[in-house]
Structure formats: structure tokens, C-alpha cells
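Colleague: I'm new to this one, so could you walk me through it? I'd like to ask about cores, charges and odd spots.

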Amino acid sequence: MNAVKLPFVFDTETIKKELSQFTQKDYYDIYNPSVTLETLWSKHFIEPVIGENGLPVFLPNDALKQCPYLLSVLETFKCDKETFRIHTLDAGASIKPHRDIGYSLEHGKIRIHIPIVTNDKVEILLDKAPVQMSAGETWYCNFHITHEVHNRSNAPRMHLIMDCLVNDWVKEVFKQVS
């Protein structure tokens, strides 16, 4: 399964309201060879701390503590997370074809997308097949395969992105949608 809509829907208006407290200066430009500089912006909402076993555990940062609804979104997913961030792809920008090695259910780490701001001119391709996501929906995509994104609209595309480690809870969610 390369893409599947998961059984979670979130209130994008509440998320946008919480995000409105942050300015462009609170986001950083993502350096990635698949993206033109200064077209993909990110804001992280969890930070690593060293856990009891000496390994990092990711906990809400100060920004997330100011966003109770976003915190409830994070807590909806009953698994360990490695990232919980907002990505904004500028109008007219693209992410070139690439692979995120190991980001698939089979490899034990999944990337979840929750579109916050999107439209029908945003194109997400997995192995050249389009995946149409609507605002508020929750999607798993197998990003271990080649994928690309094109924002052919005149507005930024904003997604909440979460990297989750597969556990029994995640496996049960996938059983429900299979």
C-alpha cells in the first residue's frame, strides 16, 4: 500500500488559528537538494531529550505548549514520534523526485501528512501516481518509494507532518483501513 487515508480528521481552522501566533521568522528554510532554497519552510513542535535508557525521547517544545489543539493532535497518535512539524511549500515551488529511505510501514517508520492549507493545484505523486489529499484528512504515504510535490497554485501549501515509529497501536490502525 503506497498511500492510505487514515481514520482521523482534524479541525484545520483551529490549527491555523494556533499557528497564527508565529511569524515567518519562527520558521526555518529547509536545505534539501530536492527543493529550491527558500521555498520550503518548517517549524518543529517536539524536541529530543535523553531518556532513561540513554536514547532520545521527543517531547513537546515551548511552541507546542502554546497550541493546545496541536498538542491534542500529537497525543491522538499512541506511538513514539521523531518529528512533529509544519511544512509550508511556497506557491509555485516543487519538491523534486526523491526517496526518503526507510519511511514505510514495512521499515518500521511512517510519515503522516495532515494537510492544513491545500487545494486542487497541489500535486503529490508517489511513483508518478497522484494522491489527492484534502485539508484536515490524515494520510500515510510510503515515502520509501520515489515521490515528488508540485504546488502549482498561487497560495502556499501547509502540511502537518509527523514521523512515527510503528508499534502495535499503529498496526491496529492500519488493520482497520486495510
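Modeller: What follows is a set of questions and answers about this model.

Colleague: Before we start, what sort of model is it, and how are residues numbered?

Modeller: Residues are numbered from 1 along each chain as its sequence is written, and side-chain values use heavy atoms, with hydrogens and water left out. Local features need pLDDT of at least 70, side-chain atom pairs count only at pLDDT 80 or more, and totals for chains, interfaces and linings use all residues, since this is a predicted model.

Colleague: How many residues does the largest nonpolar core have?

Modeller: A nonpolar core is a set of buried Ala, Val, Leu, Ile, Met, Phe, Trp, Tyr and Cys residues joined through side-chain atoms within 4.5 Å. Buried means under 20% relative accessible area, exposed over 50%, and partly exposed in between (1.4 Å probe, protein chains only). In the largest core, Leu19, Phe45, Leu70 and Phe84 have the most contacts inside it. Its size is 33 residues.

Colleague: Which helices give two or more residues to this core?

Modeller: Helices (H or I, at least four residues) and strands (E, at least two) are DSSP runs, numbered from the N terminus. Strands giving two or more residues to the largest core are E1 (3-9), E6 (81-89), E8 (109-117) and E13 (157-165). The helices that do so are H1 (12-19), H2 (62-65), H3 (68-76) and H4 (168-177).

Colleague: And what is Leu70 in contact with, leaving aside neighbours within four places in sequence?

Modeller: Contact means heavy atoms within 4.5 Å. With those neighbours set aside, Leu70 meets Leu64, Phe84 and Leu160. The rest of its contacts are Ile15, Glu18, Leu19 and Phe45.

Colleague: How many residues are in the second, separate core?

Modeller: That core includes Ile30, Leu40, Met133 and Val149. Ile30 is found in the loop between strand E2 (28-29) and strand E3 (40-44), and is buried at a relative accessible area of 13%. Beyond its neighbours within four places in sequence, Ile30 is in contact with Leu40, Trp41, Ser42 and His87. As for the size of the second core, that is 17 residues.

Colleague: Which residues of H1 are buried?

Modeller: On the other side of H1, Glu13 and Lys17 are exposed. What covers the buried residues includes H3, E6, E8 and E13. The buried ones cover an arc of only 120° around the axis (taken from the directions from the helix axis to the C-beta atoms), which puts them on the same side of H1. They are Thr12, Ile15, Glu18 and Leu19.

Colleague: Which residue forms a salt bridge with Glu13?

Modeller: A salt bridge is a side-chain nitrogen of Lys or Arg within 4 Å of a carboxyl oxygen of Asp or Glu. For Glu13, the N to O distance is 2.9 Å, and the two partners, 3 residues apart in helix H1, are separated by about one helical turn. The partner is partly exposed, at 32% relative accessibility. It is Lys16.

Colleague: Which residues do shared salt bridges join into one network?

Modeller: A search of the whole structure finds 7 salt bridges. In one of them, the closest N and O atoms of Arg111 and Asp163 are 2.6 Å apart. Arg111 lies in strand E8 and Asp163 in strand E13, so this pair ties together parts that are 52 residues apart in sequence. Through shared partners, the network joins Arg85, Asp100, Arg111 and Asp163.

Colleague: How far is Arg157 from the nearest side chain of opposite charge?

Modeller: Arg157 sits in strand E13, and is buried yet has no salt bridge. For charge, Lys and Arg count as positive and Asp and Glu as negative, while His and the chain ends are not counted. The nearest side chain of opposite charge is Asp90, and the distance is 9.8 Å.

Colleague: One odd spot to finish: what is the phi of Lys128?

Modeller: Most residues other than glycine have a negative phi. Lys128 lies in the loop between E9 and E10, and is exposed, with a relative accessible area of 71%. Although Lys128 is not a glycine, its phi is positive, at about 70°.
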